[in-house]
Each structure stands twice: as C-alpha cells, then as structure tokens.
Amino acid sequence: MAPEEEEQQEVARVSSARGNSVCQAVQRQQLQCQVHRVETADGYRMSLHRIPAPQNRRCPQQLRPFLLMHGLLGSAGDYVSGGRGRSLALELHARCFDVWLANARGTTHSRGHRTLQTSDARFWQFSWHEIGIYDLPAIVNYVLARTNRRQLHYVGHSQGTTVLLVLLSQRPEYNARFANAALMAPVAFLQHLSSPPLRLLASDSSMATLLLNKLGLHELLPATALTQVGGQFFCTASRPTYALCTLFTSLYVGFSDYPLDRSILPRILETTPAGISRGQLQHFGQLINSGKFQQYDYHSPRLNTLRYGRTTPPSYQLANVRLQLQIFHGSRDALSSLADVQRLVRELRNSATQMYQVPGYNHIDFLFASSAPQMVFQRIIQQAWQLDMALAAL
C-alpha cells in the first residue's frame with residue numbers, strides 16, 4: 001500500500017442514508033444516495049456523500065468522478081438544496097457523472113474523531129489549513145480507490161477553493177490526482193474584501209478573540225434544531241421578516257443582480273449553517289489584515305518559530321499548483337474581489353487558467369442562482385466531458 005493510502009486510514013464502508021438531510025434532498029429527486037465514512041491521518045472522521053452515476057447505456061464509462069467541496073458554514077447540502085435543474089450535483093448526475101460530496105471536519109455530518117469528543121476544545125483546534133492538508137487528501141484517496149480511477153474532477157466554492165490551493169501548495173504531488181478544477185468565488189487573497197460585517201470583524205480581531213476566550217467558544221454557528229427551525233420560520237417567503245433575512249445575507253456576500261428565488265432560502269437553511277471552528281474564522285481574518293495568502297499566525301514569535309522555523313508564518317507557494325483551472329468570479333461578490341482574484345490568477349503562473357467574470361453574481365449565486373446552470377455549470381460540465389472524451393480517444 002502506498003504511504004498516502006496508509007495515512008488516509010480510510011473506513012471503506014457505506015452507511016445508512018436514513019435521516020440524513022443531504023440524502024433526503026437527493027432522494028426527493030428519486031435518486032440514489034450513499035454515505036461513506038473516511039478517517040484522516042489526524043483522527044477526524046468524516047461523512048462523504050455520493051450520488052452514483054446513472055446506470056444506462058447512454059452514459060459513457062470513461063467519465064471520471066467529480067468531487068465537490070463546500071465553503072465556510074456550508075456542507076454537501078450546498079450542492080443539492082436547490083433541487084433538480086438548479087443544483088450542481090444533480091446537474092452533473094444528469095450528465096452521467098459519478099458525484100461525490102465532501103463534508104469538512106466539524107460540520108454537521110463530520111463531527112467524529114478517533115479519540116476526541118466535540119465537547120473537547122482540542123477537537124476544534126484547526127483552521128482551513130488542516131482541512132486542506134488532512135481532510136482533502138484523505139477524501140481524494142478514498143474516491144479514487146473506490147472508483148478505481150487515477151484522477152477526478154474537482155469543484156470548490158469559497159473555502160472549498162482555499163483548501164485545494166493549500167493542498168497543492170503544500171503537497172504538489174497531488175496535482176497528478178486531479179484532471180482539472182473549477183474554482184467558484186475563489187478565496188485566497190482578501191485584501192480588497194468589501195463585506196462590511198467581515199471587514200468589521202477583521203478590524204478588531206484581538207477583541208473578537210478575547211470575547212471568544214471569555215465565552216469559551218470553540219465551535220461557531222453549529223447546525224441545531226433551533227437554528228434550522230428559527231431560520232426557516234423567519235426566512236420563509238410569506239413572513240414579513242423575509243426581507244431582513246435577504247438583507248442580512250446580502251451584507252455578507254454582496255447585493256446580487258439575481259435575487260434568490262423566494263422558495264429556496266428555507267431549503268438552504270435546512271443544511272446551513274453547518275458549523276465551523278473559531279480557527280477557520282480567525283485564519284480568514286488574518287488574510288484580510290495581512291493581504292497575504294499565508295499559514296496561520298500564532299501572534300507569537302516563539303510559537304511561530306516552533307511551528308514554522310521562523311517568526312512569521314510562510315506564504316503558500318501557489319507556483320506549486322499545476323492544474324487546468326476554471327476560475328469563476330462574480331462582479332457583485334463582496335468577499336472575493338476582482339483585484340484579489342486577478343492577483344490569484346497571476347500567482348498561479350504554472351497553471352492553465354481560464355477566468356470567467358459573471359456579471360451581477362454575488363458570493364453564493366454560484367450555488368443558488370436560477371441562472372447558474374446556464375452561466376456556470378454548463379462550462380464546468382463541458383470541459384469535463386471534453387477532457388474525458390479526449391483521454392478515452394488516446
């Protein structure tokens with residue numbers, strides 16, 4: 001067994017999808033849904049959802065699987081909650097692909113660990129760096145082993161793009177395991193972020209940290225019955241508070257030219273928020289303040305030296321990323337600005353990048369806008385088909 005397969009420590013079994021909110025959304029479309037279990041090298045146990053490829057003659061056998069990774073506060077549910085004709089995972093399935101949906105550590109469906117409970121503060125001692133160097137390679141190894149493939153297609157949204165860049169910067173040997181990648185609303189450099197709440201939070205990060213310490217909070221915005229019922233109660237289209245829900249959302253992610261379908265917000269809130277660690281939020285805050293795409297800063301020369309061998313955290317080496325990339329940016333995105341995305345494209349000098357600016361899109365329109373299948377998904381599907389058919393012709 002190869003070393004990377006050993007460190008993945010995969011649990012090769014499929015568990016019941018009964019009572020699982022992601023699978024319920026898939027099964028409402030009369031589709032099969034599986035839940036797989038994967039364990040990382042550092043002991044976190046994650047759920048991985050799968051929508052197997054259709055079993056019919058019109059679907060070629062040469063198509064490589066897709067892996068979809070969610071963003072901050074999200075989960076696999078992000079890619080299915082819109083329903084048929086609106087959700088990327090379901091569109092990929094309709095075009096004959098085997099679709100795998102990741103759930104990062106600490107989210108609703110990935111709250112297990114070999115030795116730690118979620119009530120233990122040590123469980124939450126991670127940022128998105130660990131998701132990139134532990135979760136993502138374990139998931140990739142698992143999917144390739146289960147499908148008997150050498151490569152897969154990847155789609156990331158927001159933090160889902162960040163963790164791919166972390167993995168390939170730190171472990172460039174993983175470039176060979178991706179056929180290509182689509183980065184929707186990519187997040188690496190955040191110098192020009194315009195979201196007022198996030199800018200405010202980053203401006204006084206030390207006070208926020210002190211408050212979290214005082215409150216003893218290590219997990220933020222977990223999925224609970226109260227948040228799900230409360231969100232659906234206040235954000236149902238018929239409620240007078242619906243406008244407040246959309247205003248609050250827009251302040252964070254940008255004011256879109258494509259208002260959300262009034263029926264979809266309650267469905268989104270069935271699976272969002274899915275929970276994060278405070279380290280994830282703090283690490284993004286550091287990117288805002290530093291203007292760099294760098295590893296976690298412990299704000300201590302001694303601790304940084306112990307971790308990195310230097311007093312300041314190192315930047316991620318984006319020159320190590322060597323992939324065919326589709327990069328999608330929304331002109332109304334309050335988190336991922338045009339200037340920061342253009343800087344990312346320049347730093348990805350060893351990748352073949354195609355950048356698409358989608359007029360009027362905010363940060364989450366790539367997941368939920370009714371126009372996303374035509375404006376975004378079709379490009380992703382078309383490139384994957386072309387690559388797979390070209391490979392089959394060799």
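## Helix α11 and selected local features

In helix α11, the buried residues are Arg278, Gly279, Gln280, Gln282, His283, Phe284, Gly285, Gln286, Leu287 and Ile288. The structure is a predicted model. Ten of the 13 residues of α11 are buried, so the helix is largely enclosed by the rest of the structure. Its length can be checked against its residue count: at 1.5 Å a residue, the 13 residues of α11 (residues 278-290) should span 18 Å, and the end C-alpha atoms are 18 Å apart, which agrees. Just after α11, glycine 291 has a positive phi of about 75°.

Two residues other than glycine also have positive phi; the table lists them.

| Residue | Phi | Location | Relative accessibility |
|---|---|---|---|
| Cysteine 96 | about 85° | loop between α3 (88-94) and β5 (99-101) | 5% |
| Serine 158 | near 55° | loop between β7 (152-157) and α5 (159-170) | 8% |

Buried means under 20% relative accessible area. Cysteine 96, at 5%, therefore counts as buried, and serine 158, at 8%, is buried too.

A further backbone feature is a cis peptide bond. This bond joins threonine 272 and proline 273, with omega about 0°. Proline 273 is located in the loop between α10 (265-268) and β10 (276-277).

Is valine 341 buried or exposed? Valine 341 is buried, because its relative accessible area is 1%, and under 20% counts as buried. This residue belongs to helix α13 (residues 338-347). When neighbours within four places in sequence are left aside, valine 341 is in contact with Pro186, Ile327, His329, Ser336 and Met355. Between valine 341 and tryptophan 385 there are 26 Å in space, C-alpha to C-alpha, and the two are 44 residues apart in sequence.

On the surface, Leu244, Leu247, Phe248, Leu251, Tyr252 and Phe255 make a nonpolar patch of about 570 Å². One of these, leucine 251, is part of helix α9 (residues 242-253). With 32% relative accessibility, leucine 251 counts as partly exposed, since that class lies between the limits of 20% and 50%. As background to the spacing of residues in a helix, an α-helix has 3.6 residues a turn, so residues three or four places apart point the same way.

How values were computed:
Residues numbered from 1 in each chain as written. Predicted model: local features only at pLDDT ≥ 70, side-chain atom pairs only at ≥ 80, totals over all residues. Heavy atoms only, no water. Patch = residues over 30% accessible without salt bridge, like charges linked within 9 Å, V, L, I, M, F, W, Y side chains within 5 Å. Areas by Shrake-Rupley, 256 points an atom, 1.4 Å probe, with all protein chains shown as cover. Salt bridge = Lys/Arg side-chain N within 4 Å of Asp/Glu carboxyl O. Helix = DSSP H or I, 4+ residues; strand = E, 2+ residues; numbered from the N terminus. Buried < 20%, exposed > 50% of the residue type's maximum accessible area, 1.4 Å probe, protein only. Expected span 1.5 Å × (residues − 1). Contact = heavy atoms within 4.5 Å.
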